[in-house]
Amino acid sequence: GNTAVAGGVLWIPGNRVMLREGLQDDRERALDYLRQLAQGQADDELIEAFLAHGPDMLDFVEKRTSLRWRVSLLMGAVADYHPTWRGSNVRGRSVEPVQATVALAGPLLSGGLLTAADAAGVPLWTATPARKLIARQTDAGTQVLGVEAEQHGKLLRIRARRGVVVATGGFERNPEMKRHFLRGPSPYTL
């Protein structure tokens, strides 16, 4: 996909990389910014989960891969796409692999993750679309137990012991999603 020509930048408010570099963030300001960005199209529960667990994800990747993070040089001094919006942060929410040049770190990012997954024995299935998450409600909230997926026309029910990673890729070939989420014509794809 387009990761091969992407900057490899992750946008994670309140990350500990920015704290290591002496930069500060405010959770309530990040929440305000994300709510504006979502334009009512994301549940507050998802936004809250992103803010709560995004920094942990960066730490998890650093502990289990060869990737190390730094505050993004690619994004320059202005890290948020809408710097005039309430809650935007001047710098630090965007991070990238330390080894990145100021060009394209997408392959570095995906390559580092793929190498770590392969070393850990993680099976990666392509052409296996997830059809739905299998979940149950608990006192603590929703617990994801697994996923229903389709592989070569056969329905699979896959139980998750520790979690489900949803890595969906882009939607540039889905005309309905493009009309809904993109603000202008987009006749081409990568």
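Arg35 is partly exposed, with a relative accessible area of 39%; here buried means under 20% relative accessible area, exposed over 50%, and partly exposed in between (1.4 Å probe, protein chains only). The structure is a predicted model, in which local features need pLDDT of at least 70 and side-chain atom pairs count only at pLDDT 80 or more, while totals for chains, interfaces and linings use all residues. Residues are numbered from 1 along each chain as its sequence is written, and side-chain values use heavy atoms, with hydrogens and water left out.

Arg35 makes a good starting point for the charged pairs. Its side chain meets that of Asp44 in a salt bridge, at 2.7 Å from N to O. The term stands for a side-chain nitrogen of Lys or Arg within 4 Å of a carboxyl oxygen of Asp or Glu. Side chains of opposite charge can pair when their charged atoms come close. Asp44, like its partner, counts as partly exposed, because its relative accessible area is 37%.

A second salt bridge joins the side chains of Glu96 and Arg70 (2.9 Å, N to O). This pair links distant parts of the chain, with Glu96 in strand β3 (residues 94–97) and Arg70 in strand β2 (residues 69–71), 26 residues apart. Helices (H or I, at least four residues) and strands (E, at least two) are DSSP runs, numbered from the N terminus. Both Glu96 and Arg70 are buried.

Glu150 and Arg131 also pair through their side chains, in a salt bridge of 3.0 Å from N to O. Glu150 lies in strand β5 (residues 141–151) and Arg131 in strand β4, so the pair ties together parts that are 19 residues apart in sequence. Glu150 is partly exposed at 28% relative accessibility, and Arg131 is also partly exposed, at 48%. In addition, Arg16, Asp56 and Asp59 are linked in a network of salt bridges. Over the whole structure, a search finds twelve salt bridges.

Helix α3 (residues 44–64) offers another view of charge, and Lys63 has its place there. Together with Arg64, Arg159, Arg161 and Arg162, Lys63 gathers in a patch of positive charge on the surface. Such patches are made of residues with over 30% relative accessible area and no salt bridge, with like charges joined within 9 Å and nonpolar side chains (Val, Leu, Ile, Met, Phe, Trp, Tyr) within 5 Å. Lys and Arg count as positive and Asp and Glu as negative, whereas His and the chain ends are not counted. Lys63 counts as exposed because its relative accessibility is 69%.

Glu62 is also found in helix α3, but this residue counts as buried, at 14% relative accessibility. The side chain of Glu62 reaches the backbone nitrogen of Trp69 at 2.9 Å.

Two loop residues stand out by their backbone angles. Gln39 has a positive phi of about 50° although it is not a glycine. Its place is in the loop between α2 (27–38) and α3, where Gln39 counts as partly exposed at 46% relative accessibility. Ala127 likewise has a positive phi of about 50° without being a glycine. Ala127 is found in the loop between α4 (106–119) and β4 (130–138), and it is exposed, with a relative accessible area of 62%.

Note on methods: Areas by Shrake-Rupley, 256 points an atom, 1.4 Å probe, with all protein chains shown as cover. Charge placed at Lys NZ, Arg CZ, Asp CG, Glu CD. Polar contact = N/O pair within 3.5 Å; in protein donor to acceptor, adjacent residues only side chain to side chain.
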